[in-house]
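Biologist: I'd like to go through this one with you, starting with the empty space inside. Can you show me what you have?

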Amino acid sequence: MSATATICSEKNFAVQTHPVKAPDEEYFFEGAEKLLELWFCSTKGITDTSLRSIPRSEIDNMLDVARCKILHSKHNESIDSYVLSESSLFVSDNRVILKTCGTTRLLAALPVLMQLAGTYAGLDQVQSVYYSRKNFLRPDLQPNLHKNFDAEVEYLDSFFEDGHAYCLGSLKQDRWYLYTFHREVEFPANKQPDHTLEILMSDLDEEVLHKFTKDFAVDGKDCFMRAGIDKIIPAGADVHDELFDPCGYSMNAYMNDTDQYATIHVTPEKEFSFASFETNQDLVCLYSQTRKVLQCFRPNKILMTVFANDISVKGKDAQQQLWDRELPGYRRTNVQFVRLETETLVYAHFVRKAPHDLTSSSDEDDGERSD
């Protein structure tokens, strides 16, 4: 778009026009992810098929709808792990976890996923749905489907009856949105311990940001070691990651012979810095792992959630510690407990303490527990 300046004389001499260039809009990237987790089942009691039988070409087409693509993948006997151009995808026998950042259209891929599950895996029914995200910094830049949570809820309700929607946290601070749905089914899968820890971090320490740029590290593997990610991920995990050019980092890891995973994503631009960590692993204490994550990224603001079903001892323990204890160096501004259809959830929000608020006792109490 251009404006025109016009100059005329009293004798109607030729008009002079001067195009005026509109200022370029400042670059911005929304690091906060949209997260969709779906659990599938069969109305016919089929047990010998898997979502992992969906062809790669069909997965690529589904991700095209969401406006992202696969960069590389790894697999074991229980899970397929994909690092995406915008975050991650994990596929196991009856669960899909799709996590995308930026201005992706994640929920637009929902009907495609449901169709693929029925066509290629015989899993023709969604048993459980979890859709969540924190509030966006720039919701005005999101596609219409994701501009506000009300629109997302309306869209999800068009697929699932009796879904539940929540907003946790203060409306004056960072907050977290959640949509859940659960269906009682005729052929339930054998129930296993299940939990998920998610840590959403913003306003990262400036000394940390440069570690996730091509000026600091050569590639993902180099960044994994030099930025300290190796201290977070349990020993023996299989890792694949990506260091973007000129900056940004994504990592997936899975624990051998299980469908347990961990994923990290970093948006290191100072003006809108963000990092996330998510895992369902049970090899190490989740509270201890949380401490390691915070030591690595040193965020000024933290939003944490822990899901746990009734038989997850590790998840219940992490929830109790998050409820009872402060994180050294941080002040908890909010903590909430929610009982969902099939599990419990603890949400907490923290801000970094000012230097004069720090005490030696809080720093020395590292909260480490043996496993």
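Modeller: First, what I mean by a cavity: on a 1 Å grid over the protein atoms alone, it is a set of points where a 1.4 Å probe fits but cannot get out, and lining residues have an atom within 4 Å of a point. Bear in mind that this is a predicted model, where local features need pLDDT of at least 70, side-chain atom pairs count only at pLDDT 80 or more, and totals for chains, interfaces and linings use all residues. Residues are numbered from 1 along each chain as its sequence is written, and side-chain values use heavy atoms, with hydrogens and water left out.

Biologist: Fine. What volume does the largest cavity have?

Modeller: A volume here is the space filled by probe spheres set on the grid points, which are joined across faces, edges and corners. The whole-structure search turns up three cavities of 30 Å³ or more. For the largest cavity, the volume comes to about 60 Å³.

Biologist: Which helices and strands each supply at least two residues of the lining of the largest cavity?

Modeller: Leu286, Tyr287, Met304, Val306, Ala318 and Gln321 are among the residues lining this cavity. By type, the lining splits into eight nonpolar, two polar and no charged (nonpolar is Ala, Val, Leu, Ile, Met, Phe, Trp, Tyr, Cys and Pro; charged is Asp, Glu, Lys and Arg; the others, Gly among them, are polar). Helices (H or I, at least four residues) and strands (E, at least two) are DSSP runs numbered from the N terminus. The elements you're after are helix 6 (286-297), strand 16 (299-309) and helix 7 (313-324).

Biologist: And how do the residues of the lining of the second largest cavity divide?

Modeller: That cavity holds about 50 Å³ of space. Leu51, Ile54, Met62 and Val91 are among the residues around it, and helix 1 (56-66) and strand 6 (87-92) each supply at least two. The split is eight nonpolar, no polar and no charged.

Biologist: Strand 6 catches my eye, since Ser87 is found there. Is Ser87 buried or exposed?

Modeller: UniProt, in an unreviewed entry, lists Ser87 for "modified residue: Pyruvic acid (Ser)"; such annotations may be inferred rather than shown by experiment. Leaving aside neighbours within four places in sequence, Ser87 is in contact (heavy atoms within 4.5 Å) with residues including Glu33, Lys99, Ser250 and His265. Buried means under 20% relative accessible area, exposed over 50% and partly exposed in between (1.4 Å probe, protein chains only). Ser87 has a relative accessible area of 1%, so the answer is buried.

Biologist: Now the charges. Which residue does Asp60 meet in a salt bridge?

Modeller: A salt bridge puts a side-chain nitrogen of Lys or Arg within 4 Å of a carboxyl oxygen of Asp or Glu, and this rule gives a count of 16. Asp60 is partly exposed at 26% relative accessible area. Its partner sits four residues away in helix 1, so about one helical turn separates the two. At 3.0 Å, N to O, the partner is Arg56.

Biologist: How many residues apart are Lys270 and Glu206?

Modeller: Lys270 and Glu206 form a salt bridge, with the closest N and O atoms 3.3 Å apart. The pair links distant parts of the chain: Lys270 is in the loop between strand 14 (261-267) and strand 15 (274-279), Glu206 is in helix 4 (residues 206-209), and the separation is 64 residues.

Key
1 Å grid on protein atoms, 1.4 Å probe; cavity = no way out; pocket = protein on both sides within 12 Å on 5 of 7 lines; lining within 4 Å.
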